[in-house]
Amino acid sequence: MSGLTRHTAAELADALAAGETTSVEITRAHLDRIAEVDGTAASGGVHAFLHVDAEGALAQARAADERRAAGSPASALDGVPIAVKDVLATEGLPTTCGSRILEGWIPPYDATVVARLRRAGLPILGKTNMDEFAMGSSTEHSAYGPTRNPWDLDRIPGGSGGGSAAAVAAFEAPLAIGTDTGGSIRQPGAVTGTVGVKPTYGGVSRYGLVALANSLDQAGPVTRTVLDSALLHEVIGGHDPLDSTSIDQPLPPLVDAARRGATGDLTGVRVGVVRELGGEGYQPGVLSRFQESVDLMVKAGAEVVEVSCPHFVHALAAYYLILPAEASSNLAKFDAMRYGRRVLPDGADNPSAEQVMRASRDAGFGDEVKRRIILGTYALSSGYYDAYYGQAQKVRTLISRDFAAAFEKADVLVSPTAPTTAFKLGEKLDDPIAMYLNDLATIPANLAGVPGISVPSGLADEDGLPAGVQVLAPALADDRLYRVGAALEAALVDKWGGPLLDRAPALATNGAVR
Amino acid sequence: MTADVLVPFEQVLEKFDPALGLEVHVELNTASKMFCGCPTEFGAEPNTQVCPTCLGLPGAMPVVNVKAVESAIRIGLALNCDIAEWCRFARKNYFYPDMPKNFQTSQYDEPIAFDGFMDVTVPNEAGEGETFRVEIERAHMEEDTGKSLHVGTSGRIHGADYSLVDYNRAGIPLIEIVTKPIRGAGERAPDVARAYVAQLRDLIVALGVSDARMDQGSIRADVNLSLAPKGSGTLGTRTETKNVNSLRSVERAVRYEMSRHAAVLEEGRTILQETRHWHEDTGITTSGREKSDAEDYRYFPEPDLVPVAPSREWVQQLRGTLPENPTARRARLQAEWGFSDLEMRDTVGAGALSSIEQTIAAGISPQAARKWWLGELARRANEQGVEVSALSVTPLEVARVQTLVDEGKINDKLARQVFDGLLAGEGTPDEVVEARGLAIVSDDGALGAAVDNAIAANPDVADKIRDGKVAAAGALIGAVMKEMRGQADAGRVRELILEKLS
C-alpha cells in the first residue's frame, strides 16, 4: 500500500484488517511526514507538534501488529496512529498546555481519553500545539510559537486546537484529539478544511483534560472525514466514573449513523437555518459556500426551515464572563510550588513563597492568560458576582431555551462554522475582541452543552481558503451530526470530484518557507 | 508574646452581654477521601495516601464520596436540621501552600443541612443540669487541607529554613457545623461553649461518623466571641479563635476573650475583626490574620461536580439509623446503673460514658466499671494529657481485668500493674498477668515457706497469736505479702498462720 499518509483512518483500518499493511508502516510513514513538514515555529514549518514520541508510537504500533497477528485487535482503529492536543494528560509524555508554566511537566497519569486510545490500540504520535491553556482562536498564543495553516503558511490554523487541525490537514496524522470550549475543535476544522466534532457535554470524559472552563470544555475528534470522526468518537466516548459530569448512558450508534448518512439520503430530516448565525460580520465567500451546502441538503431530501435563536447575540458576552471566571480559579493551582516551571525573582536572596509564585507566574503565563485571569477574578469578586457571573449564567439558561425551541422545529441546526476564513498570522493579535468574534457561531453550543460538527463546505471565492458548515443537534443526539454530516460530505465530495484537502498546496520539505 | 490587659471575668457581665458562635469541624472516618479513592488512615508516612485528584494535579477531577454525604445527612438530622433537597459544592478560592488546588471545594450558600438546634445541658450553681438551646445555622461538607511542617528553630512559618507539606490529609471529608449567634448565656457563656462542644462530640461518637479525637484534630473548634453593651440587644465586633483543641481550652478561650474584649472596650478602643491563635500553655490568645478587609473568596458553584440531591426516601431511611439522643441516653444509663448525680456528672465530664457502658455490657458491675475508668484510668489519662477514651486500653480489657479480680486470680493492687502492661502494649490482660508473673499464689508449698519465714522473723507476734490474740495475724500477713510482692492469697495465708500457730 502506498501513500499511507493520504488515506483516511477508515481506509487504514481496512488495510490493516486485510493484512495489506502494518501499523508500524503506517506509524513510520506519519512520523516521516512530521519530520518532513512540521519543522519549527522559527523555520516557518507547520509546527503542529510540540512533542513527537517516535519511539513510543512505534512501540505501540509493534504491539498493535502483534495483537493483529494473534487475531485479537483491540478495536476497529487498532494500529491507526493519532495526535493528541497537549491539554490532555499523558503519562510519561510532556503535557504543557502550550504554556511555559508547565514546561517539562510529565504527568504521572493518563487522561481517560488517552487511556481509552491506548486501550483501543492507537499509537500516539505526539502532542499538538495549542493556544496557551486553550485561550485563543488562532494558536498564536502558544508559548512555543504559532502553528501555521497548511493551506497557506502565512495564515493561522484556527485555535485553540490549531495544532490538531493542522496535523490532520497536513497529513501528519490521520486522526487527532482536540478540545472545544467555545469552538476550538470546530473553528480550526473550518479554516483547515478538516472535520471537527464537539460531542454532547459529558459525552466524553474530561478526566485528565487540563481545565480551561470546566462547564464548557469538551474533548472530541479531529479528522479528515465524518466517518473517521464517528469511529474515533466511539473509542473515546461513554461514561467515566472518574468524571462526575460524565453522562451515564450508552452512546448512540455513531458509526452506523455516519454510514447511513454516506448513502446521501436526508429524506425526512428537518434542517433549521439559524437566522442569527449569518449575515453581518460573515465573509461573503463563507456565506455562499454555506448556502450551497444548504441547497445540497435540500437536494438530498432534507426539509429546510428558518429558526430564530434571539439570545445567541448575547452568547459571546456571557461566554467571556463564564470562561475567565472558571479559568481564573483553575489556573490558581499553577503556583510553581509542586510542579512546572519555577522562576526565582531577581535580587532576592531568600525569596518567600509569594515572591517565587509571582516571578513564576509573571514569566510562566502569557498576556492572553493574564488578561483572562484578571477578567475572571474581577467577574467573581464580591459585589460583582451577580452583575457578571450570575447574569451570564442567566443568559446561558436563555440560550438553552432558544435551542430547545429551535429543536422543536428542526432535527438539526446549521450555520457557517466560523464567520471568516483563516486570517493572517499577527493580523488580530493586538485586537482581542476581533479575535474573540471568530467563535461567534460555535459558542452557543458550548453554553448549552449540545453537540456540533464542522464539515468542510468548500473554498471561499475571494481567497480560495477553506470554510466550514456547522451542524448542531440536541444533547445526546450526536448520531444526527454524523448522519447529516456524512450526507453533506458525500454530496460535496461528489461535487468537488474528490476530498477538499486534495486541493491544498503541496508543502515544502523541512518546513522551509516556500 | 505578652498577655493583654484583662477585665476580671466576674466584672465583664456588669457592662456587657456576650454572644458566642462556634464553628466545629468534624473529620469524618470514611475509608476514602471526600473526592477520590485515597485512604484516610491517620499517621501514615507523608504523601503516601495521595493521587492526582487530591494532589490537585492539572486535569484531575473530583467525584463525591457518597458515604461522606450519608454521614453529613445523619449529622444534620441528629442536629434537628432540614436536609437540602438539592445542594451544590462551591469553590472557595484562596492561596495556601497546603491547599493543592489553591481553592477549597466546600459548600457556600447551599449547605446540605441547615436550621437545626441542639439542647445543651449546662450545670448551674447548684450543680444541676439546665437546658440551653443552641441554634444551628448550617452543617456543610468540605475537604480538609494538607499539613505544613515548618522546619527551623522557631517551628513557625516565620523564620523557618524551609517548609514541608504532607498532603495525606488533603481531601479528607470534613463537616463544618456552624451555630447561629448564641446569646443570653451571660456568665455561663464559657460553660455553654464547653458543654456544646462536649455534647456535639458525644453525638458524633454516638453516630459513629468520626474518631472524634480533639487531640488528633479530628474535631476542631473555632470560637467566635463578641461583646455588646449590656441590654443593647446588638452584636459587637467578633473575633475568631482558631483551632481550639480541647474542651477545657474552649471554655478558657471564651473566658479569656470575654475579659480581653471587655478591657479593650472599657478603654474606648475598638475590637478588630480578626482571627486569633489560642496558646494552650499560657492560656491566652494572640492576634492572627486581620480580617478588616473582608476576604474575597470568589465563591462560585464547582463546575466539576454534579449537584447533590438526596432523595427523601434516603433521608428518611437515614433518620432510622440515628442513635439515641445522648441526653436521653445519659438519663437512661444513670437510672440503669444506679449512679448518683455526682457520679454521673464525673463520668460524663471524664468522657468515660461509652467506655463504662461497654465495660458493663461485657458483664461487669457498674460500680466496678466506674471505679477503674474514673480512678486508675482517669489518673493515667490525666498524666498523659488525653481523654480516657484515647487511652490504649479497651472496655473489653478493663472488663477482663475485673473478671480476673472477681475470680481471685489477681487483686486490685495487681490489677494496676496489669494496666501498666496493657498501656505498654504487652498484650491481653491474661498475657500481661502471665508475662509479668502477677497471678496470686495460693499454693500451700510456696505460701507455707513464706509463713514459716514470717513466724521466724517475728517471734513476739507469733507468741501473741499462740496466746489467742488472733487479731495480731495481720502483721504476719503483711510480712508474707511483702515477701511475695503482694501476690499471696491473703485468705489462705491467714489460714496457714492460724494452723501453724494453733
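Where do two helices of chain A touch? In this predicted model, A:Leu254, A:Ala257, A:Ala258, A:Arg260 and A:Gly261 in H8(A) meet a set of residues in H16(A), namely A:Asp478, A:Asp479, A:Tyr482, A:Arg483, A:Ala486 and A:Ala487. Sort the residues in this contact by class and you get six nonpolar, one polar and four charged.

Now look at how the two helices lie. H8 covers residues 254–261 of chain A and H16 covers residues 478–496 of chain A, and they pack at an angle of about 25 degrees. Their axes are 7 Å apart. Angles under 35 degrees count as roughly parallel, so that is the label for H8(A) and H16(A). Their crossing is right-handed.

**A leucine in another helix**

Stay in chain A and find A:Leu321, which sits in helix H10, residues 315–330. Is A:Leu321 buried, exposed or partly exposed? Its relative accessibility is 21%, so it counts as partly exposed, given that buried means under 20%. Which residues does A:Leu321 touch, once you skip its neighbours within four places in sequence? They are A:Ala379, A:Tyr388, A:Tyr389 and A:Ala392. You can also check a distance here: A:Leu321 and A:Glu368 are 47 residues apart in sequence, and their C-alpha atoms are 15 Å apart in space.

**Backbone oddities**

Most residues other than glycine have a negative phi, and most peptide bonds are trans. Here are some spots that go the other way. A cis peptide bond joins A:Gly159 and A:Ser160, with omega at about 0 degrees. A:Ser160 lies in the loop that runs between strand E3 (124–128) and helix H5 (162–169) of chain A.

Next comes A:Phe171, in the loop between H5 and strand E4 (175–179) of chain A. Its phi is near 65 degrees, which is a positive value in a residue other than glycine. A:Phe171 counts as buried because its relative accessibility is 5%.

Chain B has a case of its own. B:Arg485 has a phi near 50 degrees, again positive in a residue other than glycine. You'll find B:Arg485 in the loop between helix H15 (473–483) and helix H16 (490–500) of chain B. B:Arg485 is exposed, with a relative accessible area of 63%.

**Cysteines without partners**

How many disulfides are there over all chains? Zero. Why does A:Cys97 have no bond? Its sulfur is 19 Å from the closest cysteine sulfur, which belongs to B:Cys51, and that is too far. A disulfide needs two cysteine sulfur atoms within 2.5 Å. B:Cys81 is in a similar spot: the closest cysteine sulfur, in B:Cys87, is 13 Å from its own, too far for a bond. The table puts the two cysteines side by side.

| Cysteine | Closest cysteine sulfur | Sulfur distance | Relative accessible area |
|---|---|---|---|
| A:Cys97 | B:Cys51 | 19 Å | 0% (buried) |
| B:Cys81 | B:Cys87 | 13 Å | 6% (buried) |

**Chain B as a whole**

Finally, zoom out to chain B. It has 16 helices and 15 strands. Its C-alpha atoms fill a box of roughly 95 × 55 × 55 Å, taken along the principal axes. What share of its 502 residues counts as buried? The share is 51%. As for contacts in chain B with a separation of 6 or more, 69% of them are between residues 24 or more positions apart.

Definitions and conventions: Residues are numbered from 1 along each chain as its sequence is written. Chains are lettered from A and ligands numbered from 1 in the order in which they are written. This is a predicted model: local features need pLDDT of at least 70, side-chain atom pairs count only at pLDDT 80 or more; totals for chains, interfaces and linings use all residues. Side-chain values use heavy atoms; hydrogens and water are left out. Buried means under 20% relative accessible area, exposed over 50%, partly exposed in between (1.4 Å probe, protein chains only). Axes are lines fitted to C-alpha atoms, for helices over the stretch in contact, and angles run from 0 to 180 degrees between N-to-C directions. Helices (H or I, at least four residues) and strands (E, at least two) are DSSP runs, numbered from the N terminus. Angles under 35 degrees count as roughly parallel, over 145 as roughly antiparallel, 65 to 115 as roughly perpendicular and the rest as oblique. A crossing is left-handed if the near helix is turned anticlockwise from the far one by less than a right angle, and right-handed if clockwise. Contact means heavy atoms within 4.5 Å. Ala, Val, Leu, Ile, Met, Phe, Trp, Tyr, Cys and Pro count as nonpolar, Asp, Glu, Lys and Arg as charged, and the others, Gly among them, as polar.
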